[in-house]
Amino acid sequence: MKIVVVGGTGLIGSQVVALVRDKGHEAVVATPSTGVDTLTGEGLTEAVKGADVVVDVSNSPSFEAEAALDFFTRAGRNLVAAEKEAGVGHHVVLSIVGVDQVPDYGYYLAKVAQENAVRDGGVPYSVVRATQFFEFIAPVMDMSTQGTEVRLSSTRLRPIASAEVAAAVAEAALGAPSNGVRDIAGPEILPLARLAEITLAAKPDGRSVVTDETAGLFASMPDVLTGDDTAHLATTRYEDWLKQS
């Protein structure tokens, strides 16, 4: 198959490209650096020509609500329109577990708009929703550091290794369209502050963790970021991943 990976140079996209190539398929990397811009439509027609599947793992350059909404809606519509014209049979998009249950968070609303653009676009699709990546924990800690304190809430997460997210996305791309949503999550539910403590225990740097329900990303977030009983659970534990990485 010819599989176009939009965002194919990023954390997830680069791994998806490698996985589908290992299976003997053609993977086309579609990013602005390769001449494909989903916002303007530049290069899209040529990129998706003859494609069996398009995988969208791109991300907005801004987490600001209005900018993210503009990115995901315009890019999503442009992409699906190009796919329809080219006769692409399957669109796979990566989204976030609980994304439709956080109405006060602008970035999540933008991802919901992206999902809707895919559902309404007329191309058979599969939505893979993942929980937060292990690789995301350290940057969240850095954003929430004040002096030598990492101030984070006890909001519960069920983080997952990016490698297992990429594997699920590649599996979806190589399968039939589900025209629905599949949730994937890590094996453990842990408070965000506890994840920070585990990180610093593995890699001490002089900082300590303070639980503060008003501080940091995901503060006051409803308890929807872990997935429910229908979520497919990966096997890699965060503590084990830290040791390996």
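Contact here means heavy atoms within 4.5 Å of each other. The structure is a predicted model, and a good place to start is one loop residue. Alanine 234 sits in the loop that links strand E12 (232-233) to H8. Setting aside neighbours within four places in sequence, alanine 234 is in contact with Ile160, Glu164, Ala185, Gly186 and Pro187. Its relative accessibility is 12%, and because buried means under 20%, alanine 234 counts as buried. Along the chain, alanine 234 and isoleucine 184 are 50 residues apart, yet 7.2 Å separates their C-alpha atoms.

Next comes helix H6, which covers residues 162-174. With 13 residues at 1.5 Å a residue, H6 should span 18 Å, and its end C-alpha atoms are indeed 18 Å apart, so the two values agree. The buried residues of H6 are Ser162, Val165, Ala166, Ala168, Val169, Ala170, Ala172 and Ala173. What lies over them includes one helix, H1 (11-22), along with strands E3 (53-56), E4 (90-96), E5 (125-130) and E9 (181-185).

The pairing of H1 with H6 can be described in more detail. Their axes come within 8 Å and cross at roughly 50°, so H1 and H6 are oblique to each other. The crossing of these two helices is right-handed. On the H1 side, the residues that take part are Leu11, Ile12, Gln15, Val16, Leu19 and Val20. They meet Ser162, Ala163, Val165, Ala166, Ala167, Val169, Ala170 and Leu174 of H6. Sorted by class, this contact has 12 nonpolar residues, two polar ones and no charged ones.

Helix H3 (65-86) gives another helix to look at. Its 22 residues, at 1.5 Å each, should span 32 Å; the end C-alpha atoms of H3 are 31 Å apart, which agrees. Buried in H3 are Ala68, Phe71, Phe72, Thr73, Ala75, Gly76, Leu79, Val80, Ala82 and Glu83. The cover over these residues includes strand E1 (2-6), helix H2 (44-48), E3, E4 and helix H4 (106-119).

H3 and H4 make a helix pair too. Their axes come within 8 Å and cross at roughly 10°. Angles under 35 degrees count as roughly parallel, so that is how H3 and H4 lie to each other. Their crossing is right-handed. From H3, the residues Ala65, Ala68, Leu69, Phe72, Thr73, Gly76, Arg77 and Val80 meet Gly106, Tyr107, Ala110, Lys111, Ala113, Gln114, Ala117 and Val118 from H4. This contact has 10 nonpolar, four polar and two charged residues.

After H3 comes a loop that leads to E4, and glycine 89 is found there. With a relative accessibility of 35%, glycine 89 counts as partly exposed. Apart from residues up to four places away in sequence, glycine 89 touches Asp52, Val123, Pro124 and Pro177. Valine 209 is another matter: glycine 89 and valine 209 are 120 residues apart in sequence, and their C-alpha atoms are 48 Å apart in space.

Helix H7 (residues 192-202) has its own set of buried residues, namely Leu192, Ala193, Leu195, Ala196, Ile198, Thr199 and Leu200. Covering them are elements including H5, strands E7 (149-152), E8 (156-157), E10 (190-191) and E11 (208-211), and helix H8 (238-244). H5 (137-143) also borders a loop, the one before strand E6 (145-146), and serine 144 is found in that loop. Serine 144 is buried, its relative accessible area being 6%. Not counting residues up to four places away in sequence, serine 144 touches Glu149, Val150, Arg151, Leu152, Gly216 and Leu217.

Two loop residues remain, and both concern backbone angles. Most residues other than glycine have a negative phi. Asparagine 179 is not a glycine, but its phi is positive, at about 50°. Asparagine 179 has its place in the loop between H6 and E9, and at 44% relative accessibility it counts as partly exposed. Serine 220 also has a positive phi, near 60°. This serine lies in the loop between E11 and E12, and with a relative accessible area of 66%, serine 220 is exposed.

Notes
Residues are numbered from 1 along each chain as its sequence is written. This is a predicted model: local features need pLDDT of at least 70, side-chain atom pairs count only at pLDDT 80 or more; totals for chains, interfaces and linings use all residues. Side-chain values use heavy atoms; hydrogens and water are left out. Helices (H or I, at least four residues) and strands (E, at least two) are DSSP runs, numbered from the N terminus. The expected span of a helix is 1.5 Å times one less than its number of residues. Buried means under 20% relative accessible area, exposed over 50%, partly exposed in between (1.4 Å probe, protein chains only). Axes are lines fitted to C-alpha atoms, for helices over the stretch in contact, and angles run from 0 to 180 degrees between N-to-C directions. Angles under 35 degrees count as roughly parallel, over 145 as roughly antiparallel, 65 to 115 as roughly perpendicular and the rest as oblique. A crossing is left-handed if the near helix is turned anticlockwise from the far one by less than a right angle, and right-handed if clockwise. Ala, Val, Leu, Ile, Met, Phe, Trp, Tyr, Cys and Pro count as nonpolar, Asp, Glu, Lys and Arg as charged, and the others, Gly among them, as polar.
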